[in-house]
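Reader: I would like a close look at the salt bridges in this structure. Please take one pair to begin with and then work outwards to the rest.

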Amino acid sequence: MSTTIETVAGSANTMVLNMGPQHPSTHGVLRVVLELDGEIVLKARPVIGYLHTGIEKNMEAKTYSQAITMTDRIDYLAPLSNNLCYCLAVEKILGIEIPKRAQYIRVLLTEMTRIASHLVWLGTHAIDLGAMSVFLYTFREREEIMKIFEYVSGQRMMTSYFRIGGIALEPPPNWLDHIRRVIDALPAHIDEYEGLLTNNRIWLGRTKGVGIISAEDAIAMGASGPMLRGSGVPYDIRKAFPYSSYEEFDFDVQTQTAGDCFARYQVRVAEIRESIKIVRQAMEKVPAEGPIKATAPGIIAPSREEMKSSIEGLIYHFKIYTEGFAPPPGEVYQAIESPRGELGFFVSSDGSAHPYRVKVRAPSFINLQTLPKLCEGRLIADVVACIGTTDIVLGEVDR
Amino acid sequence: VESKDADKTLVVHQLKAWDAQAVTEVIEFRGETTVVVPREHLLRAAAYLASEPSLHFSFLSDITTVDRFPLEPRFEVNYHLLSLDRKERLRLKVRLGGSDPSVHSVTEIWPTANWHERENYDLMGIRFEGHPELSRILMPDDWEGYPQRKDYPVEGYR
């Protein structure tokens with residue numbers, strides 16, 4: 001977190017401008033130090049850390065189950081993706097199998113999360129570039145998805161709905177009807193956004209040819225998700241390393257070759273449509289009844305009924321909620337395709353009930369590193385487009 | 001304790017054939033392969049893994065340090081590599097002593113390592129030699145200590 005930059009052209013000829021950390025287009029508390037020659041950006045240097053809360057350190061002081069609540073707060077626009085990735089990592093250490101019903105419910109809800117997250121991205125990106133009405137529309141639809149999360153998990157945002165070994169609660173009655181109503185209405189809404197933007201001359205002028213990154217540069221800089229696919233690299237972890245039964249779903253990896261802001265816009269909008277396809281398939285696949293938690297005594301808390309009626313159930317319940325459980329020692333790295341790219345959790349266990357070390361491979365953090373490459377040599381107005389198109393969440397950047 | 005069946009994967013085999021000195025230990029756990037590399041061989045091994053056409057680990061996912069305080073060697077720096085075309089992951093591990101936690105930077109091989117290494121320096125105090133600008137990234141510049149270390153209290157110093 002440094003406060004000054006070394007200018008490339010010497011301070012007599014250029015001006016150093018601070019953008020943020022309270023700038024509305026930086027989506028939180030990102031600060032970018034810019035060296036400007038008139039309107040042209042000669043050097044851009046992102047300065048981060050304003051939202052650093054030591055989440056990884058805090059997780060070491062919690063039990064494995066308690067740490068789930070911290071994961072919600074990393075990427076607060078896609079809490080269920082974080083829940084899923086952390087749970088998968090711990091389940092990998094434990095070596096337990098999750099019932100298919102829970103896996104499908106996880107897929108269904110993480111794809112809803114992806115839609116909600118992409119809607120926020122589209123709305124805020126559009127409002128940054130002056131298209132205000134799109135913002136109002138996308139937040140209208142996002143709110144419907146938030147209502148589903150609240151109906152299913154009890155929370156709009158900090159859901160903590162996925163738990164180690166399965167999901168927290170049986171979904172409420174008729175939950176699929178609610179989802180179907182929202183999902184059926186979505187394609188027409190996406191047409192509406194595209195009608196406002198895709199052929200809009202101002203939108204094209206602000207995004208086409210702006211913030212170009214080649215496939216080689218994107219790979220070298222570690223960019224992932226739509227940042228990578230917008231440059232033509234068809235890397236999607238749901239296909240490359242399927243988790244939670246994604247191999248059973250039929251969907252396409254969306255790529256564009258231009259590598260500019262418009263290409264990433266096209267990728268993300270197409271991904272919303274793909275997610276709708278996956279949600280529809282998941283709704284067909286989810287059995288109406290069946291277990292939602294793995295059977296692993298001593299690790300997965302017994303049901304309420306079992307806890308009240310059997311002595312083992314009562315003992316396990318008490319032990320799990322007071323002491324936690326101790327996985328075998330070992331280290332795993334689990335990655336999933338979050339709305340922003342490769343979200344990874346490295347979890348190291350020393351055989352105690354607390355994670356010895358948790359490291360979050362935050363896609364926003366890495367994607368933000370490409371920002372200087374995207375906007376150096378371009379106009380200062382393009383910086384706003386470039387920040388928007390990287391789709392960062394500062395909670396995840398700083399952790 | 002982790003199981004130690006070496007030579008299971010082609011990568012390990014190839015790496016050993018290239019230079020047996022560069023591999024001190026191979027750890028297999030839950031289908032993930034970890035290769036422990038001596039500090040002085042890290043840069044060479046990384047360059048080989050990234051450039052060898054049959055391996056092509058072109059993507060660096062993450063760099064993570066684990067602090068084993070009070071054990072020695074205290075630090076373990078983990079490099080999570082990914083081969084995009086072969087869809088394979090590999091973890092390189094370098095063990096560093098507590099008195100001199102430094103290792104050569106891999107920014108020349110994977111430019112993305114820049115911020116990863118800054119973060120590891122900032123929170124764990126690992127020095128990456130040859131890094132273009134090794135400075136704090138998340139904590140303020142004048143911060144004292146390395147918060148992610150095990151001897152740094154969770155609640156901080158008050």
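Author: Start in chain B, where the side chains of B:R74 and B:D67 meet in a salt bridge, with N and O 2.8 Å apart. The model is a predicted one. Is B:R74 buried or exposed? B:R74 has a relative accessible area of 8%, and because the cut-off for buried is under 20%, B:R74 counts as buried. B:D67 is buried as well, at 1% relative accessibility. As a general point, side chains of opposite charge can pair when their charged atoms come close.

A second pair in chain B is made by B:E25 and B:R95, whose closest N and O atoms are 3.2 Å apart. B:E25 belongs to strand β1 (residues 25-29) of chain B and B:R95 to strand β5 (residues 88-96) of chain B, so this salt bridge ties together parts that are 70 residues apart in sequence. How accessible are the two partners? B:E25 has a relative accessible area of 22% and is partly exposed. B:R95 is also partly exposed, with a relative accessibility of 31%.

The strand that holds B:E25 deserves a few words. Four of the five residues of β1(B) are buried, so the strand is largely enclosed by the rest of the structure. β1(B) pairs with strand β2 (residues 32-36) of chain B in the antiparallel sense, over five bridges. One residue pair can be named here: B:E28 has B:T33 in β2(B) as its bridge partner. Two residues lie between the strands of this hairpin, and B:R30 takes a positive phi near 55° there. In a regular strand the side chains alternate between the two faces of the sheet.

Strand β5 of chain B, where B:R95 lies, also helps to cover a helix. The helix is α2 (residues 42-51) of chain B, in which B:L42, B:A45, B:A46, B:Y48, B:L49 and B:A50 are buried. The cover over these buried residues includes α1 (10-18), β4 (75-83), β5 and β6 (102-104) of chain B.

Now to the structure as a whole. A search over all chains finds 50 salt bridges. One of them lies within chain A, where the side chains of A:R106 and A:E91 meet with N and O 2.8 Å apart. A:R106 sits in helix α4 (residues 100-128) of chain A and A:E91 in helix α3 (residues 79-94) of chain A; the two residues are 15 residues apart, and the pair links distant parts of the chain. Both A:R106 and A:E91 are buried.

Some salt bridges share partners. In chain A, such sharing joins A:E111, A:R114, A:R229, A:D236, A:R238, A:E271 and A:E337 into one network.

How many salt bridges cross between chain A and chain B? The rule finds nine across this interface. Among the salt bridges is that of A:K359 with B:D62, whose side chains meet at 3.0 Å from N to O. Strand β6 (residues 330-338) of chain A gives five residues to the side of chain A that touches chain B, which is the largest share. By class, this side of chain A has 27 nonpolar, 11 polar and 12 charged residues. The contact takes 50 residues from chain A and 52 residues from chain B. The two chains bury about 4,200 Å² between them, and 54% of this is on carbon and sulfur atoms. Polar contacts also cross the interface, with 27 residue pairs found, both residues at pLDDT 80 or more.

For a polar side chain outside these charged pairs, look at A:S349, which lies in strand β7 (residues 341-349) of chain A. A:S349 is buried, with a relative accessible area of 4%. A polar atom of its side chain lies 3.0 Å from the backbone oxygen of A:P328. The side chain of A:S349 also reaches the backbone nitrogen of A:G351, at 3.1 Å. Beyond its neighbours within four places in sequence, A:S349 is in contact with residues including A:Y64, A:I93, A:P329 and A:Y356.

Last comes a glutamate, A:E150, in helix α5 (residues 132-153) of chain A. A:E150 has 41% relative accessibility and counts as partly exposed. Leaving out residues up to four places away in sequence, A:E150 touches A:Q155 and A:R156.

How values were computed
Residues are numbered from 1 along each chain as its sequence is written. Chains are lettered from A and ligands numbered from 1 in the order in which they are written. Side-chain values use heavy atoms; hydrogens and water are left out. Contact means heavy atoms within 4.5 Å. Buried area is the accessible area (1.4 Å probe) that two parts lose on being put together, summed over both. A salt bridge is a side-chain nitrogen of Lys or Arg within 4 Å of a carboxyl oxygen of Asp or Glu. A polar contact is a pair of N or O atoms within 3.5 Å; within protein, one must be able to donate a hydrogen and the other to accept it, and residues adjacent in sequence count only if both atoms are side-chain atoms. Ala, Val, Leu, Ile, Met, Phe, Trp, Tyr, Cys and Pro count as nonpolar, Asp, Glu, Lys and Arg as charged, and the others, Gly among them, as polar. Buried means under 20% relative accessible area, exposed over 50%, partly exposed in between (1.4 Å probe, protein chains only). Two strands pair if DSSP finds at least two bridges between them.
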